[in-house]
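Colleague: Hey, got a minute to walk me through this one? I'd like to start with the helices.

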Amino acid sequence: MSMARASSGLAYPERFYAAASYVGFDGSPSSATKGLTAKFSNDAALLLYALYQQATVGPCNIPKPSSWSPVEQSKWKSWQGLGNMATTEAMRLFVKILEEEDPSWYSRASNFVAEPVVDVQMNHNSKTEPIMENGNSSSETKTISTANGNLMETQDKDVVSEGLGSVVVYDQWIAPPLSGQRPKARYEHGAAVVQDKMYIYGGNHNGRYLNDLHVLDLRSWTWSRVEAKAGSESLESPSPTKLTPCAGHSLIPWDNKLLSIAGHTKDPSETIQVKVFDLQTCSWSTLKTYGKAPASRGGQSVTLVGTSLVIFGGQDAKRSLLNDFHILDLETMTWDEIDAVGVPPSPRADHAAAVHAERYLLIFGGGSHATCFNDLHVLDLQTMEWSRPTQQGEIPTPRAGHAGVTIGENWFIVGGGDNKSGASETVVLNMSTLVWSVVTSVQGRVPLASEGLSLVVSSYSGEDVLVAFGGYNGRYNSEVHVLKPSHKSTLPSKMIEAPVPDSVSAIINATNATRDVESEGQEGKMREIAMDNVDLEPMKSKGEENTQHLISTLKAEKEELESSLSREKLQSIQLKEDLAEAETRNTDLYKELQSIRGQLAAEQSRCFKLEVDVAELRQKLQTMETLQKELELLQRQKAASEQAALNAKRQSSGGVWGWLAGTPPNQKADDA
């Protein structure tokens, strides 16, 4: 799910307390709350309890409960497992999990949250151009406003007439007149344009994943639903598939097909699945890929570079954020995990990615569990090295869940949120100069200030057009908005006017060579490196001097960069060797530890056996002592019996009978 909910609702910590009150952890009586908590899974309920305790009490310092209740044991274990998580992070994660379990909680929490209704006027900073009628300037403008946060699809005869054929206002969002059955409101869906048709697939609505496919004809502006079926085996080795509802996936047009990559599902697979929709047969299949496929995820970025898909980041099924980098070759259907050098972006999801000059991959924004970013990272796809160049101009605020498309060297970014409100500005980055500028802005909780919306680019009457659909900003949206960007938003390079920062020079040096032939179809003009409106005649005399100086400067910078790259490579090799050596030592120590553990276990067993033997010997010793006493007693009794017998014998041998027999006393004694 997305990292940041874009809405104009309460900020933290009030948003957390509203969520806790809604769930019922604060003890507030609510029948709706009882019905909601009954629908939580055991894991989600335990995690919500633990996060609430962490946010309100702090880390778990109470002893483990002595009772045998499995519920109390599980609650304590879940809380104790959070460790020293910060209070703010626990609050944001609590709200995030609640939104995953019940995305519409905020709109239902009317008993807990009172949010004002805002009526807004869109495009308050945009420029309008009057229509000339009979030589007079006549501009008839109608306000595009919202009622209770929903954009009203009103028409301006100067802006919308017969579809988009009469659009005369640039850099301004409008709502075109649509017909047909509109798709269900959603966000985190996939969108792609093939032959002037915008396809919408999947997404999230009220916490439920979708698997429907809709198409909007960008000429007639008519919606229709595509009835898809399971496909059959083909030469590309796809297999028929039962379409699984998903959200947070990426939809890429390729060879008159649509590729759906990754995404969150109810029962996630272990690795990323690539599904293909054949526009001719209207059938879905699962592509068979080779190599080690990345772990399943959602909220990643997927960029088509030549015949390869470049995949970065996202969030896996266990809510762990990722910053790994993978490439899928669409010709061989083989996965390859890339270990790029340099410092990669921090783990994140719901960011935006674009490719410039078929060489540089740009990553902007995104979010973690607790915060959103507005940093810009660049990956050189030739050297596989990350860098973080310096941004210039009006740098956008941190955001996640935004959408972006490129037109030439311009990268347009729309929507997103920062945990407090939706991003209202439509911004553009010149990817050669890395200068940001604002195209237009909206106000209030409108679909264009949502997270999880989609943005595609198409052409109409020979001009480029941006088309936005859906999104979530406290409510789910299904509106379509269109913007025709002006060429004024293309900012010129400033190589001649001022020195370029070192962090930007590497990109400019590599891309300037490819910038001067790209716009041949646009009235036959070449792209210029110099500023607009510069008189080139006075510069011709200095052309050779400047060229030689520029070439020598570039050569020096190239040599310096190559030298720096060599040093970095050597350092990387040394670090890898140190790491391998440390791993070897670690392996040896682990083996020694296992051996010592085995010896200790043997000694413990021997000690236990000896204790048993000692106990047995002690018992035998006690028995022997008893027998000894009995023997002594028997010996005394025997001695006493013998003495008594002797005395009786003496008495029986004397007396009258002896005297009568005439036996003298001395003889009796001798006889005895």
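Modeller: Sure. Helix α3, residues 42–56, has 15 residues, which at 1.5 Å a residue should span 21 Å, and its end C-alpha atoms are 21 Å apart, so the two agree. Keep in mind that this is a predicted model.

Colleague: Okay, and which residues of α3 are buried?

Modeller: In α3 the buried ones are A44, L48, Y49, A50, L51, Y52, Q53, Q54 and A55.

Colleague: What do those buried residues pack against?

Modeller: Three other helices: the buried residues of α3 pack against α1 (14–23), α4 (70–80) and α5.

Colleague: And what happens just after α3?

Modeller: G58 comes just after α3, and it takes a positive phi of about 115°.

Colleague: You mentioned α5. How far does α5 reach from its first C-alpha to its last?

Modeller: α5 covers residues 87–101 and reaches 21 Å, close to the 21 Å expected for its 15 residues.

Colleague: Why call α5 largely enclosed?

Modeller: Because 11 of its 15 residues are buried, α5 is largely enclosed by the rest of the structure. Those buried residues include M91, L93, F94, V95, I97 and L98. Some charged ones are buried in α5 too, among them R92, K96, E99 and E100.

Colleague: Let's follow E100, then. Which side chain does E100 meet in a salt bridge?

Modeller: E100 meets R319, at 2.9 Å from N to O. E100 lies in helix α5 and R319 in the loop between β17 (308–315) and β18 (321–329), so the pair ties together parts that are 219 residues apart in sequence.

Colleague: Are those two buried or exposed?

Modeller: E100 is buried, with a relative accessible area of 15%. R319 counts as partly exposed, at 27% relative accessibility.

Colleague: Which residues are linked with R319 in a network of salt bridges?

Modeller: K96 and E100 are linked with R319 in that network.

Colleague: How many salt bridges turn up in the whole structure?

Modeller: A search of the whole structure finds 14. One of the salt bridges joins the side chains of D212 and R186, at 2.8 Å from N to O. D212 lies in strand β8 (residues 208–217) and R186 in the loop between β5 (179–180) and β6 (190–193), so that pair ties together parts 26 residues apart in sequence.

Colleague: How accessible are D212 and R186?

Modeller: Both count as buried: D212 has 10% relative accessibility, and R186 has 0%.

Colleague: Got another salt bridge for me?

Modeller: Yep, the side chains of E463 and K484 meet at 3.1 Å, N to O. E463 lies in strand β30 (residues 463–469) and K484 in the loop between β31 (480–483) and α7 (502–511), so this pair ties together parts 21 residues apart in sequence. E463 is partly exposed at 23%, whereas K484 is buried at 9%.

Colleague: New topic: pockets. How much space lies in the largest pocket?

Modeller: About 1,300 Å³. The largest pocket is lined by 49 residues, and the closest to its centre are V302, A353, G404, V405 and L455.

Colleague: Which strands each supply at least two residues of that lining?

Modeller: β6, β12 (250–254), β16 (301–305), β20 (352–356), β25 (403–407) and β29 (454–460).

Colleague: Last one: how do the lining residues divide into nonpolar, polar and charged?

Modeller: The lining of the largest pocket has 22 nonpolar, 19 polar and 8 charged residues.

Conventions:
Residues numbered from 1 in each chain as written. Predicted model: local features only at pLDDT ≥ 70, side-chain atom pairs only at ≥ 80, totals over all residues. Heavy atoms only, no water. Helix = DSSP H or I, 4+ residues; strand = E, 2+ residues; numbered from the N terminus. Expected span 1.5 Å × (residues − 1). Buried < 20%, exposed > 50% of the residue type's maximum accessible area, 1.4 Å probe, protein only. Salt bridge = Lys/Arg side-chain N within 4 Å of Asp/Glu carboxyl O. Contact = heavy atoms within 4.5 Å. 1 Å grid on protein atoms, 1.4 Å probe; cavity = no way out; pocket = protein on both sides within 12 Å on 5 of 7 lines; lining within 4 Å. Points joined across faces, edges and corners; volume = space filled by probe spheres on them. Nonpolar A, V, L, I, M, F, W, Y, C, P; charged D, E, K, R; others polar.
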